[in-house]
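Hi there,

Here is the structure I promised to pass on to you. Have a look at it first, and then read on for what turned up.

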Amino acid sequence: MTRLSWIYPDRGTAWQRRYEDEGVWSAYRKLAEGLGLRMTLNKPEEVAVDATDPARPSVYLRGERVTPDDTIFVTSLWSLPHQTQDVCNQLFLYTNLERLGFYLPIPPHLSYIGVDKAATLLHLADSPVPLLPTVRVGSGREAMTGHYDAALEALSYPLIVKPAYWGMGLGVAVAHNVHDLRGMIGLAGGSDTALVVQPYFPGVRELRVYIVDGRAHTVLQGSKDGYCLMVTKTVGGRHERAYTPLPDELADAVAHAVARFPGVPYFTLDFIHDGERHWISEVELDGAVGFGTDAEQNRAAAELIGARFRAYAEGHAKWLAAGGPIRPRTPAGVTPGGVDPGGPVPGEAGA
């Protein structure tokens, strides 16, 4: 049975762990097992690499040796506020796993882009559906200097302000004037958290497209009530009509995103509608699907996650059939430790 190792920092409270296991992980495990995948949650520090002989490295997961033939690693970057101390460990571990030739359905370089909201929109430049106007602001001890004023001249109040690389609606607020904005940037400076600033459209509808193997699999629509800034039910939003078809006017934007995230078997693409037009707001390469709300939602979620895991298993099989774990080799004329600018990189086309 192939192992599906989900790298996930263990920094949550007892309540968070219970909530996540009941709403996500327990259902994921059952669905994975039904497809011949043994899913485990693993902290970054549970992975050890023996590179004493770099030509023949070994990888251990909680003391058990694993190989690219028998293990898929899910390497989404987690950077919520309680996980910031794990970011470096994740970044460098994922880079090592990529160099070791493991099949990573969320390639690290794309995971980094997908987490930072400004980087995502820059990556999707030239989309046929416009990208939400965004300014990225670095906070810190000099947040009150106003060094970001010039970058914000193209936007007008009110504005949405949110952390550039958090999630689940944490830290999202509305700034009605420059004083609100500077106060928020000042608070973010206490944790050195970068922010993104975007136009505030009240009463928007949000549409999330779940993309599996390059196609829109499921479309979820929701609304945001009043000052609720998230569709998530737990913070006042409403999910509605899980099986709405993909609007024709968004098909080209989905195709564009698929092309910009090549080889990624699963991700989500979010749109908002301001009453007049659609905008692309973000991408999540590990867009979670919740269970336990109602029978229809559970059925939709099971179909979607089943399709996701089948895409992972099929991607792993194709990876191995194509040569899979390719080690970088030192070319003739290059001394050990030198750089081969043309050498294959695991996971790239043709590698």
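A residue counts as exposed when its relative accessible area is over 50%, and as buried when that area is under 20%. Arg56 reaches 64% relative accessibility, so it is an exposed residue. You will find Arg56 in the loop between strand S3 (47-50) and strand S4 (58-61). Its C-alpha is 9.6 Å from that of Leu100, although Arg56 and Leu100 are 44 residues apart in sequence.

**How far to trust it**

Please keep in mind that this is a predicted model. The mean pLDDT of the protein is 84, with 86% of the residues at 70 or more. Among the elements, strand S6 (residues 71-74) has the highest mean pLDDT, 98, and strand S13 (residues 238-240) the lowest, 51. Two stretches call for care. Residues 226-238 have a pLDDT below 50, and in the model this stretch makes 35 contacts beyond near neighbours in sequence. The pLDDT is also below 50 over residues 327-351, a stretch with 23 contacts beyond near neighbours in sequence.

**The overall picture**

The protein has seven helices and 15 strands. Of its 351 residues, 47% count as buried. If you take the contacts between residues at least 6 apart in sequence, 64% of them join residues at least 24 apart.

**Strands**

Strand S6 is also worth a look for its side chains. Thr71 and Phe73 point one way from S6, Ile72 and Val74 point the other way, and all are buried. As a rule, side chains in a regular strand alternate between the two faces of the sheet. S6 runs parallel to strand S1 (residues 2-7), and four bridges join the two. In this pairing, Ser5 stands opposite Phe73 of S6.

Further along the chain, Ser281 lies in strand S15. Ser281 has a relative accessible area of 7%, so it counts as buried. Leaving aside residues up to four places away in sequence, Ser281 touches Leu121, Leu132, Asp270, Phe271 and Ile272.

**A two-sided helix**

Which residues of helix H6 (residues 251-260) are buried? They are Ala253, Val254, His256 and Ala257. These buried residues sit on the same side of H6, because they cover an arc of only 160° around the axis. In general, an α-helix has 3.6 residues a turn, so residues three or four places apart point the same way. On the other side of H6, Asp252 and Ala259 are exposed. The cover over the buried residues of H6 includes strand S11 (205-212), strand S14 (266-273) and S15.

**Aromatic rings**

There are 14 aromatic pairs in the structure. One of them is Tyr28 with Phe291, an edge-to-face pair with 6.4 Å from centre to centre and 80° between the planes. This pair links distant parts of the chain: Tyr28 is in helix H1 (residues 14-34), and Phe291, 263 residues apart from it, is in the loop between strand S15 (278-284) and helix H7 (295-321). Tyr28 counts as buried because its relative accessibility is 1%. Phe291 is also buried, at 14% relative accessibility.

Another pair, Phe261 with Phe267, is tilted, with 5.5 Å between centres and 40° between the planes. Phe261 has a relative accessible area of 1% and is buried. Phe267 counts as buried too, at 1% relative accessibility.

Tyr28 and Phe291 also belong to one aromatic cluster, together with Trp6, Tyr8, Trp25, Trp78, Phe309 and Tyr312. Elsewhere, a charge meets a ring: the charged end of Arg277 sits over the ring of Trp279, 4.9 Å from its centre.

**Backbone points to check**

Most residues other than glycine have a negative phi, and most peptide bonds are trans. Here are the exceptions I would look at:

- The peptide bond from Tyr157 to Pro158 is cis, with omega near 0°. Pro158 is in the loop between strand S7 (135-137) and strand S8 (159-163).
- Arg62 is not a glycine, yet has a positive phi of about 55°. Arg62 lies in the loop between S4 and strand S5 (64-66), and is exposed with a relative accessible area of 65%.
- Asp213, not a glycine either, has a positive phi of about 50°. Asp213 lies in the loop between S11 and strand S12 (215-223), and is partly exposed with a relative accessible area of 41%.

Happy browsing, and best wishes!

Note on methods. Residues numbered from 1 in each chain as written. Heavy atoms only, no water. Phe/Tyr/Trp six-rings, centres within 6.5 Å; stacked < 30°, edge-to-face > 60°. Buried < 20%, exposed > 50% of the residue type's maximum accessible area, 1.4 Å probe, protein only. Lys NZ or Arg CZ within 6 Å of the ring centre and 35° of its normal. Arc of directions from axis to C-beta. Contact = heavy atoms within 4.5 Å. pLDDT = per-residue confidence, 0-100. Pairing = 2+ DSSP bridges.
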